[in-house]
Amino acid sequence: LGGQSEVIDLARTGAQIEHILATAASSRCLRPDAVVLFAGNNWKYSLPATPAPPSWRDETLTGEGGSASALLRHRESGLTDIARRVIAGFCKIFAGSASVIVVIPESNLLDWHCQALAPVLGEGRERQWFALDERLTEAMRAGNWSDVLQIAGQLQELDDGVSDASYRAQGLAYLELGKPDEALTYLRRARDVRLWTSKVDPPWLPSCGAAAIREMASECGAHDVDLPDILPAHGRSGIPDASVF
């Protein structure tokens, strides 16, 4: 803008949801013309407070009752509500006074991932699951991508689609088969399904949260910078990876 603008950075490492809204409210005294909200992994911090039925106990998939797939849907719903509430509150703070720009974050989907989740299935089905997982690993090492896709599908039928291992295998298989769009879908799902477990605190925003931000920003008249839409074209393989940095 030819030196006619001033940028004030109010970012805080580790800021949680309540910090974001409090900072936004106090920054009104700066009388900004535009405000940018760029938040990454902090959307999840409020989720542990979401009440869960006692049958889920320690939020582990068991044969006696709980369902990790049901818990995943429960947490996705909770995260969606949180994201919508924050964007609505943020936009309300600056309504009529400043333009709001929301940056929707994306993850390094290809080069970085946690140790795979191994679900507790009960009724002796874990042995079957681990046997399939070993076959999956062997097929991937051999580059038998059609076998990888078949075995991954069997794993998902067995564990109700709550382990990231099969989705990541499918994503890598489709990438090797020259189908980056399909690969992107499965690699994102491998990231997203980790939301069901309390044993990890994933440093990313799952797709349900990104979708909620996208929709609420549109409803509130805010602008968005949609990194999940933008970054794939800049990755070497068509997948967001270390090269985008």
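This section describes two pockets and one buried residue, Asp-192, in a predicted model.

The largest pocket has a volume of about 1100 Å³. Of the 33 residues in its lining, Ile-8, Asp-9, Leu-10, Val-35 and Val-36 are the closest to its centre. Helix 1 (17-26) and strand 1 (34-38) each contribute at least two residues to this lining. Strand 1 gives the most, with five residues. Sorted by class, the lining of the largest pocket holds 18 nonpolar, ten polar and five charged residues.

The second largest pocket has a volume of about 450 Å³. Its lining comprises 26 residues. Glu-106, Ser-107, Asn-108, Pro-203 and Trp-204 lie nearest the centre of this pocket. Helix 5 (164-176) and helix 6 each supply at least two lining residues. Helix 6 gives the most to the lining of the second largest pocket, with three residues. By class, this lining has 15 nonpolar, five polar and six charged residues.

Helix 6 spans residues 180-192 and includes Asp-192. The relative accessible area of Asp-192 is 6%. This value is under 20%, so Asp-192 counts as buried. The side chain of Asp-192 makes a polar contact with the side chain of Ser-207, at 2.6 Å. With neighbours within four places in sequence left aside, Asp-192 is in contact with Leu-72, Pro-206 and Ser-207. Ser-207 thus appears both as a contact of Asp-192 and as its side-chain polar partner.

How values were computed
Residues are numbered from 1 along each chain as its sequence is written. This is a predicted model: local features need pLDDT of at least 70, side-chain atom pairs count only at pLDDT 80 or more; totals for chains, interfaces and linings use all residues. Side-chain values use heavy atoms; hydrogens and water are left out. Helices (H or I, at least four residues) and strands (E, at least two) are DSSP runs, numbered from the N terminus. Buried means under 20% relative accessible area, exposed over 50%, partly exposed in between (1.4 Å probe, protein chains only). A polar contact is a pair of N or O atoms within 3.5 Å; within protein, one must be able to donate a hydrogen and the other to accept it, and residues adjacent in sequence count only if both atoms are side-chain atoms. Contact means heavy atoms within 4.5 Å. On a 1 Å grid over the protein atoms alone, a cavity is a set of points where a 1.4 Å probe fits but cannot get out, and a pocket is an open set with protein on both sides within 12 Å along at least five of seven lines; lining residues have an atom within 4 Å of a point. Grid points are joined across faces, edges and corners, and a volume is the space filled by probe spheres set on the points. Ala, Val, Leu, Ile, Met, Phe, Trp, Tyr, Cys and Pro count as nonpolar, Asp, Glu, Lys and Arg as charged, and the others, Gly among them, as polar.
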